[in-house]
Amino acid sequence: MIRRTEISLAEARRIALAAQGFAESRPDPADAAQLKRLTRRLGLLQIDSVNVLVRAHYMPGFSRLGAYPAALLDQAAYDGRRRHLFEYWGHEASLLPVEHYPLFRWRMEAAERLENIWDGIARSKREQAGYIERLLEEIRARGPLAASDLEQEGSRSSAWWGWSEGKRALEYLFWSGRLTTATRRNFERVYDLPERVLPKSALAAAVPEKSEAQRQLLLIAARALGVATEPDLRDYFRLKPADSQPRLAELVEAGLLLPVTVRGWTQPAYLHPDARLPRRIEARTLLSPFDPLIWERTRTERLWGFRYRIEIYTPAPKRQYGYYVLPFLFGEALVGRVDLKADRAEGVLRVLASHVEPGVEADQAAPALLEALCGLARWLGLERVEVVPRGDLAETLRRHHGVPSDTRAPPLVE
């Protein structure tokens with residue numbers, strides 16, 4: 001236990017990195033048990049549809065364990081015999097440990113009352129309640145269904161997401177806990193009844209009161225973050241201030257969270273009692289934009305002075321760093337960022353742009369970054385790495401990669 005009421009910013013960084021699993025050496029190779037321990041430690045893995053590199057939920061395992069078999073995560077989430085994760089709304093769409101299923105029943109019940117749910121889904125429930133019940137009975141009778149399996153999927157909206165009436169109905173049933181994800185088919189969610197998918201132990205477990213569930217979620221977040229402010233903790237599972245603030249005060253009063261001051265932070269911080277403070281961290285890894293270490297962008301900036309924004313939805317001419325940019329963690333610092341694309345047809349990991357942080361020596365960062373890029377390429381089954389001459393780290397990276405640096409950058413590639 002860390003028995004101090006004030007810690008330095010450098011100590012806060014090491015605490016945060018250790019809590020997220022970056023203080024341990026990488027196993028060789030990682031197995032299913034190690035992946036399970038990691039997912040319990042993190043509390044959740046965020047799911048995202050962008051596949052320009054690799055789906056977001058696979059990357060945190062690679063960042064911490066190295067080149068683990070990605071099939072292990074598929075088995076953990078969708079193999080009935082080995083399933084220990086389930087899909088629900090944690091920090092956005094997420095994979096969560098099945099033993100935490102009861103902690104989200106209050107959120108499912110709120111969704112059933114059309115609280116804290118997207119307007120389009122709520123409207124579907126209000127306007128098509130009969131259709132939703134018939135759809136549920138169809139799944140009960142026929143078994144798992146995806147939106148594309150529906151015989152009459154309904155007219156598609158003109159919105160960017162293009163959800164159909166059937167998809168909105170399925171999502172209401174999912175959000176309210178009456179359906180869950182049985183598997184995914186080409187990333188499309190396939191829905192089934194929870195009793196046919198989830199372990200009996202998860203369904204039979206006692207459901208805590210809303211306040212107790214929220215306390216438990218805050219403790220999971222605190223363990224995963226190590227040291228954090230109240231907004232950091234609340235963001236982990238997307239709690240509202242009206243819920244998180246009184247629950248946090250109760251945890252502090254009970255001695256389950258420890259108030260602490262981080263020098264340079266303007267807000268009070270909290271330590272989990274199990275937080276560790278290693279003497280040093282020796283990480284060398286790339287982080288997904290959806291990695292739990294960095295997804296709360298203001299915390300990332302407070303810890304590392306690293307301003308990070310995902311630019312997927314920014315028009316190409318206005319992007320500063322690129323379409324799908326991964327920060328590079330070197331030791332205890334975020335020292336650079338690379339815009340990556342997996343060109344599977346050509347077997348190439350394309351580094352479309354590379355940048356180094358102010359004050360970082362490019363020649364110091366480049367060899368470690370190149371090693372991380374080559375490791376990522378091998379894990380993705382790609383044959384080589386190609387570095388586009390764009391960004392203030394590109395020339396140095398290309399030189400260390402043995403590529404001439406006197407060529408002009410091609411047009412921006414998405």
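Trainee: Two strands pair if DSSP finds at least two bridges between them, so how many bridges join β2 to strand β4?

Mentor: There are 2, and the two strands run antiparallel. A strand here is a DSSP run of E with at least two residues, a helix is a run of H or I with at least four, and numbering goes from the N terminus. Keep in mind that this is a predicted model, where local features need pLDDT of at least 70 and side-chain atom pairs count only at pLDDT 80 or more, while totals for chains, interfaces and linings use all residues. Residues are numbered from 1 along each chain as its sequence is written, and side-chain values use heavy atoms, with hydrogens and water left out.

Trainee: OK, what's the bridge partner of Leu-45 in β4?

Mentor: That's Leu-95.

Trainee: And what order do the strands of that sheet come in?

Mentor: β2-β4-β3, an open sheet of 3 strands with antiparallel pairing. β2 (45–46) and β3 (85–90) have a single partner strand each, so one side of each has no neighbour in the sheet.

Trainee: Switching sheets: which strands are at the edges of β5-β7-β6?

Mentor: That open sheet also pairs antiparallel, and its edge strands are β5 (145–146) and β6 (180–185). β6 is joined to β7 (residues 188–192) by 5 bridges; Thr-180, for instance, has Asp-192 as its bridge partner in β7.

Trainee: Which helix lies across those strands?

Mentor: Helix α8 (residues 165–175), running at about 60° to β7. Axes are lines fitted to C-alpha atoms, for helices over the stretch in contact, and angles run from 0 to 180 degrees between N-to-C directions.

Trainee: New topic, Thr-229. Buried or exposed?

Mentor: Buried, at a relative accessible area of 1%. Buried means under 20%, exposed over 50%, and partly exposed in between, with a 1.4 Å probe and protein chains only. Thr-229 sits in strand β8 (residues 227–229).

Trainee: What is Thr-229 in contact with?

Mentor: Setting aside neighbours within four places in sequence, its contacts (heavy atoms within 4.5 Å) include Trp-265, Tyr-270 and Arg-302. The Thr-229 side chain also makes a polar contact of 3.0 Å with that of Asp-232. For that term, N or O atoms lie within 3.5 Å; within protein, one must be able to donate a hydrogen and the other to accept it, and residues adjacent in sequence count only if both atoms are side-chain atoms.

Trainee: Last one: how many helices and strands does the protein chain have?

Mentor: 16 helices and 15 strands.

Conventions:
Pairing = 2+ DSSP bridges.
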